[in-house]
Amino acid sequence: MNAMRRPVSLSLTLLATALLGLSACKRVETPATDAAAPVAPAAKTGAAGDATANDNLNAVLWMQRAQEYRAITEQTYRAAADRLDGALKEAHWDALVPEERGNEAKGLKPAVVLDVDETVLDNSPYQARLVRDGKEYDELSWDQWVAEKKAKAIPGVVDFAKAANARGVTLLYISNRAVHLKEATLANLREQGLPVADDSVFLGLGTVVEGCEQAGSEKNCRRRLAGQKYRVLMQFGDQLGDFVEVTANTNEGRDALLQQYHDWFGERWWMLPNPTYGGFEPAQFNNDYSQSRQARHEAKRAALDYAP
C-alpha cells in the first residue's frame, strides 16, 4: 500500500494529486465448517454485475497463497543482503539520485530507505476485505486497518533488516502512511521484528521538510531529508515513486524513468512485487479517479496487448 495512496503527477489536477486510493490498497481465511461460526457476507457484484468481476481478486490471492510470491520477495532481500558489505566499503556509493542529494554523502552514517506497505508490511488482508465487501480504498477503513496492527512482515525483510542493523546501518521508513499513523505503524514494525532506532526513522506523508514543497504523495522531499543525515546505501519499494520522483504518471513517463535508471535496480534499488495497486493502474485511465469503477475497468481492458 505504499501508504495505500494514489500516485500523483505534478501536472495532474487537484483530484489526481489526492492521496493514493490504492485502488484497493498504499493485503481470507478459509471458511469455517462449524455451523456456529460466523458466515462471511456474500461477495458484492462487480462493475459488470458479476460477483467474480473484482479486478483485484487474483492479485490479492496471489500475494496470499502463491509460493512464487514468497520466493520472489525472499530472493530479493537475500540478494540485497549479499551486496551490503560492498556498498558499505565503497565510500561514494549512494542510492539517492543526484537531484535529491543536496550535500556530500561521503562520511555520513549509512542507512537504507524502505517503503512500508507491500515492501516491509503485508496489507493483503485489508485488500482481501475490500474484495469480499465489493469496496474500494478509503481513508477511514485504511486508518482502522493500520490501528489493528495486524500486518505481517513481507517474507525476507526481517532477515535483511537484522543483517543491515548488525552492520550499523540505520533503517529509515519513508512511507505514504500519514504522520498521524506513526505510533501504530512503529508498533506494528517492532512487533514483526523490524529494527526501529527511534521515532525519527519514520517519515510519513505530511512530514514537513524545510525548503522543499512536496507534490501530493511524492517522496522526493523526504528522501532529501534522509540524505542530509545519511549516506543511503539502498532503497526498497514496490512503486517507481519509492525511488525517484514521478513527474508524469503516464505509460510513456514511467517507461522513460525505468529506462533512465535501469542499471540502478538490483544494485542500489530493489523492487518488490505488488499487483494489487500502484501507479501503473491510474496511468491507464489518465489518473482520473472521478470516473466510475466501470469506466476505469474498461480503460484497463483497453490497455491490454492482444498481439493483433
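I call a residue buried when its relative accessible area is under 20%, exposed when it is over 50%, and partly exposed in between. I keep that cut-off at hand throughout, and I note at the outset that the model I am reading is predicted.

**Entry 1: the disulfide**

I looked for disulfides and found that the structure holds one, formed by Cys212 and Cys221 with their sulfur atoms 2.1 Å apart. I then asked whether each of the two cysteines is buried or exposed. Cys221 has a relative accessible area of 1%, so I enter Cys221 as buried, whereas Cys212, with a relative accessible area of 21%, is partly exposed. I also looked up the torsion about the S-S bond of Cys212 and Cys221, which is about -80 degrees, and I therefore record the disulfide as left-handed.

**Entry 2: the helix that carries Cys221**

From Cys221 I went on to helix 7, which spans residues 220-229 and has as its buried residues Asn220, Cys221, Arg222, Arg223, Ala226 and Gly227. Which strands do the buried residues of helix 7 pack against? I found strand 4, strand 5 and strand 6, and that led me to the sheet.

**Entry 3: the sheet**

I traced an open sheet of five strands in the order 5-4-1-6-7, with parallel pairing. Its edge strands are strand 5 (202-205) and strand 7 (269-271), each of which pairs on one side only, and the twist from one strand to the next averages 20 degrees. As a reminder to myself, strands of a sheet pair through backbone hydrogen bonds, either parallel or antiparallel.

I looked next at strand 6 and what flanks it. Strand 1 (residues 109-114) pairs with strand 6 (residues 230-237) in the parallel sense, over six bridges. In this pairing I noted that Val113 has Gln235 as its bridge partner in strand 6, and that Leu114 stands opposite Phe236 in strand 6. Strand 6 and strand 7 also run parallel and are joined by three bridges, with Gln235 standing opposite Trp269 in strand 7. Gln235 thus appears in my notes both as the partner of Val113 and opposite Trp269.

How many residues of strand 6 are buried? I read eight of the eight as buried, so I describe strand 6 as largely enclosed by the rest of the structure.

**Entry 4: helix 5 and its neighbours**

I then checked what covers these strands and found that helix 5 (residues 157-166) lies across strand 1, strand 4 (170-178) and strand 6, running at about 135 degrees to strand 4. Helix 5 also meets helix 2 (residues 67-89): the two axes come within 9 Å and cross at roughly 10 degrees, which means that helix 2 is roughly parallel to helix 5. I listed the residues making this contact as Tyr77, Ala80, Ala81 and Leu84 of helix 2 and Val157, Phe160, Ala163 and Ala164 of helix 5. An α-helix has 3.6 residues a turn, so residues three or four places apart point the same way.

**Entry 5: helix 3 with helix 4**

For another helix pair I took helix 3 (residues 124-133) and helix 4 (residues 139-148), whose axes come within 10 Å and cross at roughly 140 degrees. That angle makes helix 3 oblique to helix 4, because only angles over 145 degrees would count as roughly antiparallel. I recorded the crossing of helix 3 and helix 4 as right-handed. On the helix 3 side I found Pro125, Tyr126 and Arg129, which meet Ser141, Trp142, Trp145 and Glu148 in helix 4.

**Entry 6: loop residues**

I looked for residues other than glycine with a positive phi, and noted Glu118, with phi near 70 degrees, and Asn286, with phi near 60 degrees. Glu118 lies in the loop between strand 1 and strand 2 (121-122), while Asn286 is found in the loop between strand 7 and helix 9 (293-302). I then looked up how accessible each residue is: Glu118, at 0% relative accessibility, counts as buried, whereas Asn286 is exposed, with a relative accessible area of 62%.

Lastly I looked at Asp198, which lies in the loop between helix 6 (182-191) and strand 5 and is partly exposed, with a relative accessible area of 35%. Asp198 and Leu186 are twelve residues apart in sequence, and I read their C-alpha to C-alpha distance as 9.0 Å.

Methods
Residues numbered from 1 in each chain as written. Predicted model: local features only at pLDDT ≥ 70, side-chain atom pairs only at ≥ 80, totals over all residues. Heavy atoms only, no water. Pairing = 2+ DSSP bridges. Helix = DSSP H or I, 4+ residues; strand = E, 2+ residues; numbered from the N terminus. Axes fitted to C-alpha atoms, helices over the stretch in contact; angles between N-to-C directions. Contact = heavy atoms within 4.5 Å. Disulfide = S-S within 2.5 Å. Buried < 20%, exposed > 50% of the residue type's maximum accessible area, 1.4 Å probe, protein only. Parallel < 35°, antiparallel > 145°, perpendicular 65-115°, else oblique. Left-handed = near helix turned anticlockwise from the far one by under 90°.
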